[in-house]
Amino acid sequence: MFLMLPYPFSQQETAKYYFLCLRRISGRITNMNEARETAAEYFKRSVKHQLKCYEKLIERLPFRDTDHVFELGCGTAEMSSRLATEIVPNGQVTACDPEESRVRFAMDKFSNIPNLRFIHATGSAALENKADLYDVIVSNAVLHWIEGGELEKTMVNMFNALKSGGIAAHNFNVGIPEAYRLLSSLEEGKLNEYLKIRYVMEEEKFASLCREVGFSILDAGKSEHATECETEEELLKLLDATSYGLFGWEKLFNDAKDKRLTVKFSQSDDGKVQHVATVATFILKKPT
Ligand SMILES: C[S@@+](CC[C@H](N)C(=O)[O-])C[C@H]1O[C@@H](n2cnc3c(N)ncnc32)[C@H](O)[C@@H]1O
């Protein structure tokens, strides 16, 4: 069952999929119920943090309440549900994600919203052969999980799937976020393991890709985004939830304490532990 891939995944995604399967087989995620719990954990721990950044992007976009919106990489779909019920109540939202447990979780939780539908697929597969269909395409914290060739395909399919004059808007991380730098001081090879499943994207390169594909860049900028938690333990659990439990953050940090290594997250002005990432925001338009 693990060896069947339902969608045309890229080589990198296939590697990531098998890597996840191996972790499942090796006991990190022992069965599908547990995988579902991982999605629930992701929802519980991460959503309020992810939404902070996402809301700022959504507020800036000129939605009409009848728009057809496509959301790329919806995760557990809190924003998809808000888009459907609050932003385009007379329109439609189509949301995709390749991570099965998250899509299942979202389908169960939001099955009562009639103008919201989910596709279990990567962005490029869900947008393949679609033309002039969507008014707006959005994503938050997704594009840095997509490797170069697949990202190009995703952007081309996105351009084609938008209506003329349509808007695409994306937040994604640039550089290596603070907490992941700490990985390398804890365990040799862990940062490399992380970089195998996540890509360090430069905003200039992304801007060139957008122009090559045909988009006009309406706005582009960068900002620091701090994820704050009351305790270190809470932050470690959040990092675990957002990286599919692959790195065992809590164990890693406890082992470090045993070895008397001091690894400290930075602190916000009011004394909370925080993890800082640089977020690039791009607002693009398909020319009329
Ligand atoms: C950090 S989560 C963000 C989820 C959601 N957008 C949010 O802000 O809460 C990144 C999501 O991107 C999804 N993802 C990874 N590769 C993707 C791809 N090629 N196309 C679409 N989504 C992808 C992951 O499965 C994951 O759910």
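Helix H2 (residues 32-59) gives the largest share of the shell around the ligand, 3 residues; helices (H or I, at least four residues) and strands (E, at least two) are DSSP runs here, numbered from the N terminus. There are 20 residues around the ligand, and Gln50, Gly73, Gly75, Glu99 and Gly123 come nearest; a residue is near a molecule if its C-beta atom, placed from the backbone, lies within 6 Å of it. By type, the shell splits into 10 nonpolar, 7 polar and 3 charged residues. Here Ala, Val, Leu, Ile, Met, Phe, Trp, Tyr, Cys and Pro count as nonpolar, Asp, Glu, Lys and Arg as charged, and the others, Gly among them, as polar.

A word on the model itself. It is a predicted one, so local features need pLDDT of at least 70 and side-chain atom pairs count only at pLDDT 80 or more, while totals for chains, interfaces and linings use all residues. Residue numbers start from 1 along each chain as its sequence is written.

Overall, the protein has 11 helices and 8 strands. Of its 288 residues, 38% count as buried, meaning that 20 or more other C-beta atoms lie within 10 Å of a residue's own (exposed is 12 or fewer, partly exposed is in between, and C-beta atoms are placed from the backbone). Among contacts between residues at least 6 apart in sequence, 77% join residues at least 24 apart; a contact here is a pair of C-beta atoms, placed from the backbone, within 7 Å.

Next, the parallel strands. Strand S1 (residues 68-72) pairs with S2 (residues 92-96) in the parallel sense over 5 bridges, where pairing takes at least two DSSP bridges between the strands. Phe70 has Thr94 in S2 as its bridge partner. On to S3 (residues 116-119), which runs parallel to S2 and is joined to it by 4 bridges; here Cys96 is partnered with Ile119 in S3. S2 itself is mostly covered, with 4 of its 5 residues buried. Two crossovers tie these strands together: S1, helix H3 (residues 78-87) and S2 make a right-handed β-α-β unit, and S2, helix H4 (residues 100-109) and S3 make a right-handed one too. Right-handed means that, with the strands pointing away from the viewer, the path from the first strand over the helix to the second runs clockwise.

S1 also supplies a well-connected residue in the interior. The largest nonpolar core has 66 residues, of which Val69, Ile137 and Ala168 touch the most other members; such a core is a set of buried Ala, Val, Leu, Ile, Met, Phe, Trp, Tyr and Cys residues joined through C-beta atoms within 7 Å. Strand S8 (residues 273-285) brings the largest share of this core, 7 residues. In soluble globular proteins, nonpolar side chains tend to be buried together. Leaving out residues up to four places away in sequence, Val69 touches Leu83, Val88, Gly91, Val93, Tyr134, Asp135, Val136 and Val138.

S8 is also where several antiparallel pairings meet. Strand S6 (residues 216-229) pairs with S8 over 13 bridges, with Glu224 opposite Thr278. Strand S5 (residues 162-174) is antiparallel to S8 as well, through 8 bridges, and His170 stands opposite Phe282 there. Strand S7 (residues 266-267) adds 2 antiparallel bridges to S8, and Ser266 sits opposite Gln274. The hairpin of S7 and S8 has 5 residues between the strands, and Gly271 in it takes a positive phi near 85°.

Positive phi turns up outside glycine, too. Ala77 has a value of about 75° and lies in the loop between S1 and H3. Ala77 is buried, because 26 other C-beta atoms lie within 10 Å. Ala141 has a positive phi of about 60° and is placed in the loop between strand S4 (134-140) and helix H6 (148-161). Ala141 also counts as buried, because it has 21 other C-beta atoms within 10 Å.

One last residue is Leu209, in helix H9 (residues 203-213). Leu209 has 17 C-beta neighbours inside 10 Å, so it counts as partly exposed. Apart from neighbours within four places in sequence, Leu209 is in contact with Glu152 and Met155. Glu152 is 57 residues from Leu209 along the chain, yet their C-alpha atoms are separated by 7.2 Å.

Note on methods. Two residues are in contact if their C-beta atoms, placed from the backbone, lie within 7 Å.
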